[in-house]
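Trainee: Please pick one part of this model and take me through its surroundings in detail. Give the cut-offs as you go, and then place that part in the rest of the chain.

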Amino acid sequence: MRIVIALGGNALLRRSDPMTTEVQRKNVRVAAQAIAPLAADHSIVIVHGNGPQVGLLSLQAEAYQGAEPYPLDVLDAGTQGMIGYLIQQELRSQLPPDQQVATLLTMIVVDPDDPAFQHPTKFIGPVYTKDDADALAAAKGWAFRPDGGRMRRVVASPQPQRILEIEPISWLLDQGAVVICAGGGGIPTMIPATVPRGLVGVEAVI
C-alpha cells in the first residue's frame, strides 16, 4: 500500500517555538518515529508545509543591505531542501541502514492567471501586531491577514495542475525509497504556451 503523509509547516515549527534548527529537528524526530514503522510494509511519500520556514528565509534575505530580496520560488526551493534534509536525517536514524530516503525538489505547474495571485491566502513567517503589519505592508508591499489575534503575511496559493517531477518520484518509490517531495505544495511554475508539453521549458511564477 502507498501512504502519503503530510506534515504541516506549523507542526514542524510551531508558533510558540523559537525559530531554530534544533527545535525543528526535535519536532521532525517525533514525526520520524511515527513514520518509520510504516516503511517496513508500505510505500511512503512525505509532503510537508513550509509557511514558517519560508517566512524565516524571506526575513533573513531581507536583512542583507543593498541586495535584492530572494524571490519566493527560490525560497520555496530552499525550504524543500532544508526541511527535507532534516526529515531524511531523522528517518535514517530510525530505519534499517539499507532503506533509502530521498528528497526531491518539486515544481508544480500552475496557471499564471489563477485568481489566487490576486487574493493571497497562504500564511508565512511570524505574527505581527497590527501597527507593525501596516508598516511592513507600506514599506515592502506585503499583504497581511488576521491569524488569531495577530496579523501574518500571506502569499498566493494557486491551484496545482501537474507535478513536473512525477516520473522520478514514481521511479524512486518503485525502487523502495521513502520519498520526500512537494514541500510547501511545490514550487509554483508555469510552462509558456510556446513550449511543447513534453519539453522542459519552465518559468517561475512569483
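Mentor: The part to look at is helix α2, whose buried residues pack against β1, α1 (9-12), β2, α3 (51-62) and α4. Buried means under 20% relative accessible area, exposed means over 50%, and partly exposed is what lies in between, with a 1.4 Å probe and protein chains only. Packing is judged by contact, that is, heavy atoms within 4.5 Å. Helices (H or I, at least four residues) and strands (E, at least two) are DSSP runs, numbered from the N terminus.

This is a predicted model, in which local features need pLDDT of at least 70 and side-chain atom pairs count only at pLDDT 80 or more, while totals for chains, interfaces and linings use all residues. Residues are numbered from 1 along each chain as its sequence is written, and side-chain values use heavy atoms, with hydrogens and water left out. The pLDDT is the predictor's confidence in each residue, from 0 to 100. The protein averages a pLDDT of 89, and 93% of the residues score at least 70. Residues 194-204 have a pLDDT below 50, and beyond near neighbours in sequence this stretch has 16 contacts in the model.

Now the helix itself. The expected span of a helix is 1.5 Å times one less than its number of residues. The 15 residues of α2 should therefore span 21 Å, and the end C-alpha atoms are 20 Å apart, which agrees. Its buried residues are V23, Q24, R25, N27, V28, A31, A32 and I35.

I35 leads into the interior. Leaving aside neighbours within four places in sequence, I35 is in contact with I5, L7, I44, I46 and L91. I35 is also one of the residues with the most contacts inside the largest nonpolar core, a core of 20 residues, alongside L7, I44, I46, I87, L91 and V178. A nonpolar core is a set of buried Ala, Val, Leu, Ile, Met, Phe, Trp, Tyr and Cys residues joined through side-chain atoms within 4.5 Å. Two or more residues of this core come from each of β1 (2-7), α2 (21-35), β2 (43-48), α4 (72-92) and β9 (178-181). Another core lies apart from it, with 10 residues, among them V45, V47, I169 and L172.

Charged side chains on α2 come next. R29 forms a salt bridge with E90, with N to O at 2.9 Å. The criterion is a side-chain nitrogen of Lys or Arg within 4 Å of a carboxyl oxygen of Asp or Glu. This pair links distant parts of the chain, since R29 is in α2 and E90 in α4, 61 residues apart. R29 is partly exposed at a relative accessible area of 33%, whereas E90 is buried at 7%.

Two other salt bridges can be set beside this one. K130 and D134 have their closest N and O atoms 2.9 Å apart. They are 4 residues apart in helix α5 (residues 130-140), so about one helical turn separates them. K130 is partly exposed at 47% relative accessibility, and D134 is partly exposed at 39%. Back at α2, salt bridges that share partners join E22, R25, R29 and E90 into one network. The other bridge is between R14 and D17, at 3.3 Å from N to O; R14 is partly exposed at 45% and D17 is buried at 17%. The whole structure has 7 salt bridges.

Helix α4, the partner of α2 in the R29 and E90 pair, also holds G84. G84 is buried, with 0% relative accessibility. Apart from neighbours within four places in sequence, G84 is in contact with H48, T79, T103 and I180. Its C-alpha atom is 7.8 Å from that of C181, 97 residues away along the chain.

After α4, the loop leading to β3 (101-104) contains Q99, which counts as buried at 14% relative accessibility. The Q99 side chain reaches the backbone oxygen of G176 at 2.8 Å. Beyond neighbours within four places in sequence, Q99 is in contact with A39, R92, G176, A177 and V178. V178 is also among the residues with the most contacts inside the largest nonpolar core, as is I35 of α2.

Key
Polar contact = N/O pair within 3.5 Å; in protein donor to acceptor, adjacent residues only side chain to side chain.
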